[in-house]
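These are my notebook entries on one protein model. I record what I looked up, entry by entry.

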Amino acid sequence: MKGLIHIYTGDGKGKSTAAIGLTLRCAGSNHDVIYTQFLKNGKSSEINILKTIPNIKLFFAEKNFGFLFNATDEVKAEAKIVYSKLLKTVVEAAIETKPQLLVLDEIIATYNHDLIDKNYLLDFLKNKPENLEIVMTGREPSQELIELGDYVSNIQKIKHPFDKGIPARIGIEK
């Protein structure tokens with residue numbers, strides 16, 4: 001089976017949730033999965049259950065920077081080193097271990113904000129192992145990423161509790 005590239009984007013809730021759903025479906029079919037998060041601390045509730053599934057390998061950054069909308073140039077430079085290293089680690093693991101699925105949660109934001117080596121990601125996507133399915137999540141993917149995608153799904157927010165001041169709830173949004 002030829003692996004395809006999925007992009008889950010938009011301003012609505014559910015991009016990472018969709019990626020988790022595909023992760024579980026793939027692992028439930030006895031396939032190996034590599035799942036990684038960029039810009040997140042690896043402590044959201046879904047990670048707890050993913051840790052218990054033997055054929056899912058989890059990768060996280062050695063340091064958490066969160067979402068960097070108000071970070072200094074120095075912090076962004078450090079984050080780029082850390083996130084580029086994480087990307088290289090998961091790409092090498094995917095090439096070496098040949099999983100069915102590679103999930104790059106929030107990779108699009110790191111790409112958009114120049115927090116990874118963009119050329120490295122693009123080269124990998126263009127030359128990925130033939131059978132590897134890849135999921136990328138995040139808002140506003142560039143045209144070059146969209147062109148590489150086989151599935152591009154836009155999750156649109158119509159209404160969200162955060163707009164009313166309701167914070168993220170454990171087990172639902174985090």
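**Entry 1. The largest pocket**

How much space lies in the largest pocket? I noted first that the model is a predicted one. For the largest pocket I found about 1400 Å³ of space. Its lining counts 44 residues, and those closest to the centre of the pocket are K40, F67, E106, R139 and E173.

I then looked up which helices take part. At least two lining residues come from each of α1 (15–28), α2 (45–50) and α4 (107–112). Helix α1 supplies the largest share of this lining, 4 residues. By character, I recorded 17 polar, 14 charged and 13 nonpolar residues in the lining of the largest pocket.

**Entry 2. The second largest pocket**

I turned to the second largest pocket, for which the volume is about 170 Å³. Its lining consists of M1, H6, L22, R25, C26, S29, H31, Q100, L101 and E133. Here too I looked for the main contributor, and α1 gives the most, with 3 residues. The lining of this second pocket divides into 4 nonpolar, 4 polar and 2 charged residues.

**Entry 3. The sheet as a whole**

In what order do the strands of the open sheet stand? I read the order as β3-β2-β4-β5-β1-β6, with 6 strands and parallel pairing. Strands β3 (56–60) and β6 (151–154) have a single partner strand each, so one side of each is left without a neighbour in the sheet. From one strand to the next, the twist averages 15°.

I also looked up a helix that packs on this sheet. Helix α5 (residues 118–126) touches β1, β4 and β5, and its direction makes about 145° with that of β5.

At one edge, I found that β6 pairs with strand β1 (residues 5–9) in the parallel sense, over 4 bridges. Within this pair, S153 in β6 is the bridge partner of Y8.

**Entry 4. Strands β2 and β4**

I next examined how strand β4 (residues 101–105) is covered. I found 5 of its 5 residues buried. In general, the side chains of a regular strand alternate between the two faces of the sheet. In β4, the residues L101, V103 and D105 point one way, while L102 and L104 point the other way, and all are buried.

Strand β2 gave a similar entry in my notes. Of its 5 residues, 5 are buried. I listed V33, Y35 and Q37 on one side of β2 and I34 and T36 on the other.

I then traced the partners of these two strands. Strand β2 (residues 33–37) pairs with β4 in the parallel sense over 5 bridges, and Q37 stands opposite D105 in β4. Strands β2 and β3 also run parallel, joined by 5 bridges, and F60 in β3 is the bridge partner of Q37. Strand β4 is joined to strand β5 (residues 133–137) by 4 bridges, and the two run parallel. In that pair, I found L102 opposite I134 in β5.

**Entry 5. Residue E133**

Is E133 buried or exposed? I located E133 in strand β5. The cut-off for a buried residue is under 20% relative accessible area. E133 has 12% relative accessibility, so E133 counts as buried.

I also looked up what surrounds E133. Beyond its neighbours within four places in sequence, E133 is in contact with K2, G3, L4, H6, Q100, L101, L102 and Y151. E133 and L102 are 31 residues apart along the chain, and 6.2 Å separates their C-alpha atoms. E133 also appears in the lining of the second largest pocket.

**Entry 6. Two positive phi values**

Most residues other than glycine have a negative phi. I therefore noted where a positive value occurs in a residue other than glycine: phi of K98 is near 55°, and phi of D114 is near 55°.

Where are these residues placed? K98 is in the loop between α3 (73–97) and β4. D114 is in the loop between α4 and α5. For accessibility, I recorded K98 as exposed, with a relative accessible area of 65%. D114 counts as partly exposed, at 38% relative accessibility.

Note on methods: Residues are numbered from 1 along each chain as its sequence is written. This is a predicted model: local features need pLDDT of at least 70, side-chain atom pairs count only at pLDDT 80 or more; totals for chains, interfaces and linings use all residues. Side-chain values use heavy atoms; hydrogens and water are left out. Buried means under 20% relative accessible area, exposed over 50%, partly exposed in between (1.4 Å probe, protein chains only). Two strands pair if DSSP finds at least two bridges between them. On a 1 Å grid over the protein atoms alone, a cavity is a set of points where a 1.4 Å probe fits but cannot get out, and a pocket is an open set with protein on both sides within 12 Å along at least five of seven lines; lining residues have an atom within 4 Å of a point. Grid points are joined across faces, edges and corners, and a volume is the space filled by probe spheres set on the points. Ala, Val, Leu, Ile, Met, Phe, Trp, Tyr, Cys and Pro count as nonpolar, Asp, Glu, Lys and Arg as charged, and the others, Gly among them, as polar. Axes are lines fitted to C-alpha atoms, for helices over the stretch in contact, and angles run from 0 to 180 degrees between N-to-C directions. Contact means heavy atoms within 4.5 Å.
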